[in-house]
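Colleague: I have a model open and some labels to query. Shall we go through them?

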Amino acid sequence: MKHAVISCLHANLAAVKAVLNDIDQKGISDITCLGDLVGYGPQPNEVVDLVRERDIASCQGCWDEDIIEGLNACECSYPSQLAEKRGHLAHEWTAEQLTDINKDFLASLPTSIRRDRILFVHGSPNSQHEYLLPDMNAFAALERVEKAGADTLFCGHTHQPYVRELKNGSIRVRLQNTSNHNAEEKEINLPMRKIVNAGSVGEPRHGSTNATYVIHDDVTGEVEIKEVAYDIGLTCQAIIDAGLPRIFAWRLSHGFEFAEQAEDASHVCER
Amino acid sequence: MIERWALVSGLKGDLETYELIQRDLKKASGVTALFVLGDMVGPERNCDALLNRLQNPRRDELQPQCIYGWWEEQLLTEQGLRGEQKADALRLNQGEEAVTALLNAVDTYHLKWLSSLQFGFIELDCGLIHGSSADIGDNLTPETSPLILIDRLTRLDVNRLFTAHSTKQFHLELTGGGLDSQVKDLNGESQHQQRVSKQSIIGIGAGANYTIYDVGSDETHFLTVGGQYNTKGKGFA
């Protein structure tokens, strides 16, 4: 059966509606959301309301967590003080706008959803803040999936959709310890695993302005990355009307961003 | 002269053992640095004499370079000097009595010095940490999945990781292997094979068991106080 996975909605109602409409037209009713329902965008309540109305199973993203817990990440999440200031502005604005019911809903979201050997998370099984980029060390990437006890790991957070298969792996080791005077050598064969990043509905960063999501066939294991055009102007105007930083509208209309990606994407904030 | 490092951990207040190690090191040739990878304190005995000595080494001794370990973290956490929690891990594992014994084992005078210690050292292409960069209580052993070991090396971007928390002495080298990675995105498909880099994880032991690392030859020597060689491991010279 096919199911759709969406992520990083970021309070962009026009994009969310367009993606859900695309999924509906394909006759897919099973949808999983990987979090970041809010943040940056101008319609946090509308997007949370829609996810609740549609009863879409959702993980909690880093923005959802921060809105509930208070700003929890250190300045390491931002590459510059300017970027941090804009992020804090969006955080404060979103926290003010969200209704108590919607805050309670975000607080109730789990950090992961498991279906047999498939795991759904926002960032990584380690943290909602960790980026699993497509060029991350392959062994470290495999470790994330393997440690989580999954065959396939669905994640978001990077806003760049991809499907990464890790296969034909082995590691040879030589061990010397106090109980053996001759070194012991062995080879470990590694399992095949898959990481699927669903990209972003509400704030694409893959080089196009279109919203992205993925469709997974749990029988064949195939994954399709989907792009959906939406009325970007509508969201950009709402950003400006709301008084949010204009650069949020600029980057939506250009389809990528150069300003808000952490220099060390593998860094996991411990605060 | 070829540089050699001595690596010690898990003394837990045992000044006598520390003095025996220092005596051994005087006889060993070429040892230029002494790294103490945490667990200088513990609940079993009063630790003040050892802590005094580490902070005020004798002139004829190697000057110790110390980092904090799991027991220091529990102590500092319980004393409100680190994080927002109490020493929950210790309390959970060993009960309230162990927490009380730890507090009684260290004079508060030493807390300022203990809280000033670093999490780890990077020397040359080596990481020296009590547990690992993932967690101070990370228990890396020869049985730990090589995937996890590679992850810990990758996080620190080092070729050798010296670790102490497991208390075991071992030298595990990653000698080969690889992993195919196929990435599909909206621009198409790409394939890449990641090779296993020649890297090592070295468990340095604890208490009377310590390690000497020969930087030039990449050899590790596992010793016990009294100068007894347990065995030696050869890395990538």
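Colleague: How many residues does the contact take from chain B and from chain A?

Modeller: This is a predicted model. Chain B gives 31 residues and chain A gives 32 residues. On the side of chain B that touches chain A, strand 7 of chain B gives the most, with 17 residues. Helix 7 (146-156) and strand 12 (228-234) of chain B are among the elements that give two or more.

Colleague: What makes strand 7 of chain A and strand 7 of chain B a pair?

Modeller: Pairing needs at least two DSSP bridges. Here 13 bridges join the two strands, which run antiparallel. Therefore they count as paired. Leu166(A), for one, has Ser181(B) as its bridge partner.

Colleague: Which classes make up the side of chain B that touches chain A?

Modeller: That side has 13 nonpolar, 13 polar and five charged residues.

Colleague: Why is Leu7(B) called buried?

Modeller: Leu7(B) is a member of the largest nonpolar core, which has 125 residues. Core members are buried by definition, so Leu7(B) has 20 or more other C-beta atoms within 10 Å of its own. Ile6(A), Leu7(B) and Leu37(B) touch the most other members. The largest share of this core, seven residues, comes from helix 1 (residues 13-25) of chain A.

Colleague: What makes Phe162(B) a contact of Leu7(B)?

Modeller: The cut-off is 7 Å between C-beta atoms. Phe162(B) is listed in contact with Leu7(B), so the pair lies within that cut-off. Other contacts of Leu7(B) include Phe35(B), Ile204(B) and Tyr213(B).

Colleague: What is the average pLDDT of chain A?

Modeller: Chain A averages 89, and 90% of the residues score at least 70. Over residues 267-271 of chain A, the pLDDT is below 50.

Key
Residues numbered from 1 in each chain as written. Chains lettered and ligands numbered in written order. Predicted model: local features only at pLDDT ≥ 70, side-chain atom pairs only at ≥ 80, totals over all residues. Core = buried A, V, L, I, M, F, W, Y, C linked by C-beta atoms within 7 Å. Buried ≥ 20, exposed ≤ 12 C-beta atoms within 10 Å, placed from the backbone. Helix = DSSP H or I, 4+ residues; strand = E, 2+ residues; numbered from the N terminus. Contact = placed C-beta atoms within 7 Å. Nonpolar A, V, L, I, M, F, W, Y, C, P; charged D, E, K, R; others polar. pLDDT = per-residue confidence, 0-100. Lists of a residue's contacts leave out its neighbours within four places in sequence.
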